[in-house]
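Welcome, and thanks for opening the viewer. Keep the selection panel at hand, and we will walk through this model one stop at a time.

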Amino acid sequence: MNNKRNTLQKQIVYETFEAMHNHPSAGMVYEAVNAKFPGISKATVYRLLSEAAEEGKILRLKLGGSADDRYDITLKKHYHIVCRECGAVADVEVDFDDEHLSANTVGMEGFSVESCNLEFCGLCADCLKNQKN
């Protein structure tokens, strides 16, 4: 019985996360799940998202300026831009890969580059509009 409940909880959490499309934090997913299914605990939502990230089903993002990890449904290599005002996150695709970037960067002599996390920072359209008003 517990496995079935856990499977149902996984399905609810994952479907809610998948529908959000905004690189949500676990807290954001919990709030959305709780609105429809108040019986699922915050700890369960956090655990299920963490497990999904560890299993490679979703990405866990540790973005600068945010104390909370955010999660991403897109598994292919890409980068992110973060609004410095409201914290909105969007995907960014660039025309170079990690190998090209590391081959054209000074100061990494003596290192073996294993990964690269490039993050852009700026203002989203809404915050930019609000700032002009």
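**Salt bridges and a core**

Start by selecting E55, which is partly exposed at 48% relative accessible area. Keep in mind as you go that this is a predicted model. Now add K57 to the selection: the side chains of K57 and E55 meet in a salt bridge, with 3.0 Å from N to O. K57 is partly exposed too, with a relative accessible area of 45%.

How many salt bridges does the structure hold? There are five, so let us visit some others, because each is easy to pick out by its side chains.

Next, select E93 and K76. Their side chains form a salt bridge at 3.0 Å, N to O. Show the backbone around them as well: E93 sits in the loop between β4 (89-92) and α4 (98-103), while K76 sits in the loop between β2 (70-72) and β3 (79-83), so this pair ties together parts that are 17 residues apart in sequence. Is E93 buried or exposed? E93 is exposed, at 59% relative accessible area, and K76 is partly exposed, at 48%.

Now pick R60, K62 and D69 together. Salt bridges with shared partners join these residues into one network.

Move on to helix α3, and select R47 and E51. The two residues lie four apart in this helix, about one turn. Their side chains meet in a salt bridge of 3.2 Å, N to O. R47 is partly exposed at 34% relative accessibility, and E51 is partly exposed at 25%.

Hide the charged side chains for the last part of the tour. In soluble globular proteins, nonpolar side chains tend to be buried together. Here, the largest nonpolar core has 15 residues. Select V13, V29, V33, V45, L49, I58 and Y71, the members that touch the most other members. Then colour α1 (2-20), α2 (26-36) and α3 (42-54), the elements that give two or more residues to this core. Which of them gives the largest share? That is α3, with five residues.

Finish by centring the view on V33. Which residues is V33 in contact with, once neighbours within four places in sequence are left aside? Display I12, V13, T16, P38, I40 and V45 around V33 to see these contacts. V13 and V45 will be familiar, since you selected both with V33 among the core members that touch the most others.

Notes
Residues are numbered from 1 along each chain as its sequence is written. This is a predicted model: local features need pLDDT of at least 70, side-chain atom pairs count only at pLDDT 80 or more; totals for chains, interfaces and linings use all residues. Side-chain values use heavy atoms; hydrogens and water are left out. A nonpolar core is a set of buried Ala, Val, Leu, Ile, Met, Phe, Trp, Tyr and Cys residues joined through side-chain atoms within 4.5 Å. Buried means under 20% relative accessible area, exposed over 50%, partly exposed in between (1.4 Å probe, protein chains only). Contact means heavy atoms within 4.5 Å. A salt bridge is a side-chain nitrogen of Lys or Arg within 4 Å of a carboxyl oxygen of Asp or Glu.
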